[in-house]
Amino acid sequence: MSFTGRGFIRLVRGISRLWQACGCVLANFVRRLSKGSWADYVLFELSGPLLERTPQRPRYLSLFSLGKQGLTVESLHDALRRIAGDPDVRGVVILVKGAQMSLAQAQSLADLFDRFRGWSGELNSGAAAKEVVVYLETCGGPEYAVAAAADRVFVSPQTEWTVLGLRAEPIFLAETLRRIGVEAEVVKVAPWKTALDTFERSEMSGAHREQMERLLDGWYGEMVTAISRGRDRSEEQVRAAIDSAPLRASEAVELGLVDDTVYEDQLGKALGGPKDGVRILPYDQARKTLYRRPRMRHRKGVGVISLNGMITTGKSRRYPGGLPIIGSSTAGSSTVQQTVRAAIEDERLAGVVLHIESGGGSALASDLIWRELTLLDRLKPVVAYMGDVAGSGGYYVALPARRIVCQAATLTGSIGVVMAKLVTSGAFNKIGAKSFPVQRGENADLYASDGPWRPEQRDKVEEQMGHTYRNFKRLVGEARQLGPDALEELCGGRVWTGRQAQLHGLVDEIGSFATAVDRLCEIAGLPTDGTVPVVPVKANEKRPRPPVLEGSPDLAAGGEGIADLTEALCAVMRGDVSSLLGREGVWMLADGLPKSR
C-alpha cells in the first residue's frame, strides 16, 4: 500500500474516533439530565440452558426483533464490560432462576466476575469496587458454584441449600438386548474406551469404574475448592456442609454459605441498607443511561469457529428436540472445511479461536477437520477453547492449535477408538420376520445386522482400529511433545477433567473463552484491552471454496430439511448410527460417564 493510501486510512480512522468521542460527550450530557433514572445495580436473569456463545440468528428475526435470545456467557461478557465503565453503577445482580448449567460453565462465569472487577478498577481509579450479587431461587451444585464467586449471596427464606455432591449411575443394557434378540458386536483397542459398554456389557468393568472415580474426584475437588475460596471457609467446613445437606436457608446463613435470606422484592433494601433502598434495573432498560466511553476497534479481528455436537462427515445438521445418541446437532466435516477456508481467505482476521463442544464422532471426519485446521494454523494462529466437553474426536481436532485452553471441569481426552454393530437377527426371528440377503464380495456383509462378524472379519476390523488408534496417538505425541511412555499412561480411552489434562500436558491452560481470545491476541501481536473484534467465521456454502494447496504461496506465508431429519431418525431406530458417522472407527465419550451438573 502506498504512503498516500496509508495516510488516507489514518485520516479516516482519526475522523471516526473524533466522531465517536463527540457522540459519547453528547450522550453523557443527555444522560445527566435523567440522573434520577440511573441504575444503582444492573439486573441479569439466568434461566434455562446456558450457552457459551450467542447463536447466530436468522436475518428475518434480527430485522423484526422476533424471538428474544436468552443470556449467554458471551452476551454477559459484553454487557459487564460496558457496565464496568460506568462510574455511578455500584454493581450487578445475577438472578438465577432454574438455570441449566454445568460446572465448567459455572467456572466460566466465575472467571467473568473476576474480569468485571478488574475492568471496574482499571476504568474507575479511586472509586469503590463494583460488586457482584447473586440471588438464588434454587441452590444446587453448579448454581452455587457461580454464587460462591460473587461478593454477596442471597436466597429466598424457603430455599434449601442442596449442594449434595456428585453421583453417576450408568445403565448397562446387554442383558436387556439379549431378551429381545439383539446383541452388540463391539471392537475397541483401548480398555478405558467405554463409549459402547452400555450395549456390550451387563455390569461395570474395572476400567470403567476407575475412570468414573477419577472424574468424580476431580470435579468434587474443584467444587469444594471454589466454595472454600469464594466463601472464605476451610475445605473441611465445606465438605462437612455438603455431607449434611440439604440445609435450610437459615442454616446456610449460620454456616456462612449465604449472606442473608430475602425475597426478590426485598433485594433493593438488602443492598441499600435499612433506610435507603437502591434502584435495580434490568440491563435492557439500564443500558440506555449507562455512561459511554469511546471504544476504538482494532482493524484486525479474531475469528471464531464453533464445532458443536457429534462429528460427522458431510454437512452440519440440526435436529429440533434432539435425537437419541446423536443429540440436537452435528458438526459436519464439509461445513467445517468451508468455514476454515473462509477464515484463511478473510484478510481482516489475524487468527482463529476454535470453540469445541463435542464428545467426538467419526474418525474420518475428525481427521479431515484436523487437516484443514493444520493448514489454517500455518498461515494464521489457531487457539483452541474446549468448553463443557471436548473428547475423542473433539480433542483430536484441537491438536493443530498453538495453545489449548479449557476449564478445570471440562471433559477431555478419551484417546482411543471403538466400533460396533447391533446384530438383530434374533429380534427378527422373535417376530417372525425373515431376510434373504444376496451379495457379491466376501465382506459385503461386514456392516450388516443379520449376523456377527466372522473371525477373519473381526480380525480385519481390529486391524483397522489398531491403525487408527496408532495414528491418533502419534498425532497427540507430536502436537503435545509427549514420548511413548507418557502417552501410554494418558491414552487407552482414558477421560480426564481439564485440570487433570493440564497436569498431564494434554492442555496448556485453565481458563475461559476470553482467556483463549487473550492468548490468541498475544500470539498475533494484538492488544488484549477489548479493542480487537471477536466475530464468528461464516462460510457461504452456495459458493464452495477449493482447498488451499499445501505448497501455495498463501500457505507458505443451520437447520436441515425433512428428508435429512427422516434419514437420521430412521438410522437411529435401526441402530445404524454408523450410516451417519461413516463406515469407520468412531471416537465417542461414553453416555454413562458422570456429568458436571
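Good morning. I begin with one pair of side chains: Asp445 and Arg454 meet in a salt bridge, with 3.0 Å from N to O. The structure on display is a predicted model, and the values I quote are computed from it.

How accessible are the two partners of this pair? Asp445 is buried, at a relative accessible area of 18%. Arg454, by contrast, is partly exposed, and its relative accessible area is 25%. Asp445 is called buried because its 18% falls under the 20% limit for that word.

The general idea behind such contacts is simple. Side chains of opposite charge can pair when their charged atoms come close. A search of the whole structure finds 30 salt bridges, and I shall discuss two further examples, each within a helix.

Please turn to helix 4, which covers residues 103-123. Here Asp111 forms a salt bridge with Arg115, and their closest N and O atoms are 3.0 Å apart. Why are these two residues about one helical turn from each other? They are separated in this way because they stand four residues apart in helix 4. Asp111 is partly exposed, with 22% relative accessible area.

Helix 17, residues 455-480, offers a second case. Glu462 and Arg458 form a salt bridge in which the closest N and O atoms lie 3.6 Å apart. These partners are also four residues apart, so about one helical turn separates them. Glu462 counts as partly exposed at 35% relative accessibility, and Arg458 is partly exposed as well, at 26%. Elsewhere, salt bridges with shared partners link Arg403, Glu509, Arg519 and Glu522 into one network.

I now move from side chains to the backbone. Most residues other than glycine have a negative phi, and most peptide bonds are trans. Three places in this model deserve attention in that light.

Which form does the peptide bond from Ala245 to Pro246 take? It is cis, with omega near 5 degrees. Pro246 is placed in the loop between helix 9 (235-244) and helix 10 (249-254).

Next comes Asp232, which is not a glycine and yet has a positive phi, near 55 degrees. Asp232 is found in the loop between helix 8 (206-231) and helix 9. Is Asp232 buried or exposed? Its relative accessible area is 66%, and it is exposed.

Finally, Gln481 has a positive phi of about 55 degrees, although it is not a glycine. Gln481 lies in the loop between helix 17 and helix 18 (484-490). With a relative accessible area of 73%, Gln481 is exposed.

Thank you for your attention.

Notes: Residues numbered from 1 in each chain as written. Predicted model: local features only at pLDDT ≥ 70, side-chain atom pairs only at ≥ 80, totals over all residues. Heavy atoms only, no water. Salt bridge = Lys/Arg side-chain N within 4 Å of Asp/Glu carboxyl O. Buried < 20%, exposed > 50% of the residue type's maximum accessible area, 1.4 Å probe, protein only.
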